[in-house]
Amino acid sequence: MMALLEVSDLVVGYDAFPVLHGIDFTVEEGELCVLLGLNGAGKTTTVSTVAGLVKPRSGHVVFDGKDLGRRSPSARVAGGISLCPEGRRVFPRLTVKQNLRLGAWTRRRQSKAVQRQLELVYDYFPRLAEREGQLAGTLSGGEQQMLAVGRALMSRPKLLLIDEASLGLSPTVARTVWEVTSRIKQDGTTVLMVEQNAGALPFADRALIMEKGTLVYTGVGDELRDVNLREAYLGA
Ligand SMILES: Nc1ncnc2c1ncn2[C@@H]1O[C@H](COP(=O)(O)OP(=O)(O)OP(=O)(O)O)[C@@H](O)[C@H]1O
Ligand SMILES: [Mg+2]
């Protein structure tokens with residue numbers, strides 16, 4: 001295994017306000033990594049910086065062996081990084097299928113490959129296939145979350161970033177989304193998923209726990225099944 005994503009000494013702030021105080025972590029190729037933390041810890045800031053939506057003050061984001069420097073968000077999508085943003089952000093007045101096709105914008109000239117990817121997304125989320133012609137704004141919260149994940153998959157990322165997929169979902173629907181995420185990983189897409197919900201831990205190969213812009217815990221494998229971990233860091 002090699003690190004698909006390597007973040008080092010990353011310092012990020014908004015105006016004068018510092019948020020990430022120099023964080024280091026890696027995500028190995030083929031892993032599902034979960035980044036856990038409470039409100040305001042800096043999780044969204046972290047994945048937004050990896051996606052190129054926020055510019056760091058200093059530090060490095062190395063993806064697939066290349067330092068991304070100041071590369072634009074769209075260049076990062078073309079290079080294999082895709083973000084499913086916090087709050088879903090589906091286009092409410094477009095249909096499910098139109099939302100999905102927009103996710104494949106960087107590959108829009110490869111119509112056969114886009115069609116195959118659409119079928120793969122429908123295989124992960126059969127509910128989306130049933131509702132392909134429905135306006136996204138009329139979907140349930142859980143269905144909108146599935147659409148947001150599906151849209152992010154349409155660019156065929158090597159690294160899929162998912163920001164708080166479980167927020168506002170029932171435990172059952174949250175579980176479904178995590179199970180599908182686990183399948184997406186098994187099919188070869190590396191995943192970095194942000195969560196506040198420690199229920200995501202059993203699905204992870206690696207966990208990072210963030211407090212106030214600092215990583216206070218990183219662990220892999222069976223360590224993550226340890227109940228003390230939840231008590232010590234997550235108050236669960
Ligand atoms: N655009 C912005 N301008 C100014 N401050 C911001 C901006 N975005 C985030 N912040 C601040 O940065 C800190 C970290 O925010 P961030 O959204 O990264 O946290 P989070 O861990 O994703 O939280 P949550 O779980 O609530 O989504 C917060 O104090 C927030 O107020
Ligand atoms: Mg957030």
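# Notebook: a loop glutamate, a ligand shell and a magnesium ion

I began with glutamate 223, which I found in the loop between strand 10 (214–220) and helix 8 (227–234). I note at once that this is a predicted model, and I read each entry below with that in mind.

**Entry on glutamate 223.** I looked up its accessibility and got 43% relative accessibility, so glutamate 223 counts as partly exposed. I then asked which residues glutamate 223 is in contact with, leaving aside its neighbours within four places in sequence. The residues I found are Tyr217 and Leu229. I also looked up the separation between the C-alpha atoms of glutamate 223 and leucine 120, which is 33 Å, the two residues being 103 residues apart along the chain.

**Entry on the magnesium ion.** I asked which protein atoms are donors of the magnesium ion, ligand 2. I found Thr44, through OG1, and Glu86, through OE, lying 1.9 to 2.4 Å from the ion. The pair links distant parts of the chain, since threonine 44 is in helix 1 (residues 43–50) while glutamate 86 is in the loop between strand 6 (81–84) and helix 3 (96–103), and the two are 42 residues apart. I checked how covered the two donors are: threonine 44, at 28% relative accessibility, counts as partly exposed, and glutamate 86, with a relative accessible area of 31%, is partly exposed as well.

**Entry on helix 1.** Having met threonine 44 in helix 1, I looked up the cover of the whole helix and found it mostly covered, with seven of its eight residues buried. The buried residues are Lys43, Thr45, Thr46, Val47, Ser48, Thr49 and Val50. I took serine 48 as one case from helix 1; its relative accessible area is 10%, and because buried means under 20%, serine 48 is buried. Leaving aside its neighbours within four places in sequence, serine 48 is in contact with Leu53 and Val54. After helix 1 comes glycine 52, whose phi is positive, near 85°.

**Entry on ligand 1.** I asked which of the 14 residues around ligand 1 come nearest. They are Asn39, Lys43, Thr44, Thr45 and Glu86, and I note that Thr44 and Glu86 are also the protein donors of the magnesium ion. I then looked at single polar contacts. An oxygen atom of ligand 1 is 2.7 Å from an N or O atom in the side chain of asparagine 39, and an oxygen atom of the ligand is 2.9 Å from a polar backbone atom of glycine 42. For threonine 45, an N or O atom in the side chain is 2.5 Å from an oxygen atom of ligand 1. The protein covers 63% of the 640 Å² of accessible area that ligand 1 has on its own. Strand 2 (17–28) and helix 1 are the elements that give two or more residues to the shell around ligand 1, and the largest share, three residues, comes from helix 1.

**Entry on the cysteines.** I asked how many disulfides the model holds. The count comes to zero. Cysteine 33 is in no disulfide, and the nearest cysteine sulfur to its own, that of cysteine 84, is 16 Å away. Cysteine 84 is likewise in no disulfide; a pair would need its sulfur atoms within 2.5 Å. I last looked up their cover: cysteine 33, at 0% relative accessibility, counts as buried, and cysteine 84 is buried with a relative accessible area of 0%.

Technical notes:
Residues are numbered from 1 along each chain as its sequence is written. Chains are lettered from A and ligands numbered from 1 in the order in which they are written. This is a predicted model: local features need pLDDT of at least 70, side-chain atom pairs count only at pLDDT 80 or more; totals for chains, interfaces and linings use all residues. Side-chain values use heavy atoms; hydrogens and water are left out. Donors are N, O and S atoms within 2.8 Å of the metal (3.2 Å for Na, K and Ca); water is not among the atoms, so sites may look incomplete. Helices (H or I, at least four residues) and strands (E, at least two) are DSSP runs, numbered from the N terminus. Buried means under 20% relative accessible area, exposed over 50%, partly exposed in between (1.4 Å probe, protein chains only). Contact means heavy atoms within 4.5 Å. A residue is near a molecule or strand if one of its heavy atoms lies within 4 Å of it. A polar contact is a pair of N or O atoms within 3.5 Å; within protein, one must be able to donate a hydrogen and the other to accept it, and residues adjacent in sequence count only if both atoms are side-chain atoms. Accessible areas come from the Shrake-Rupley method with a 1.4 Å probe; for residues, only the protein chains shown count as cover.
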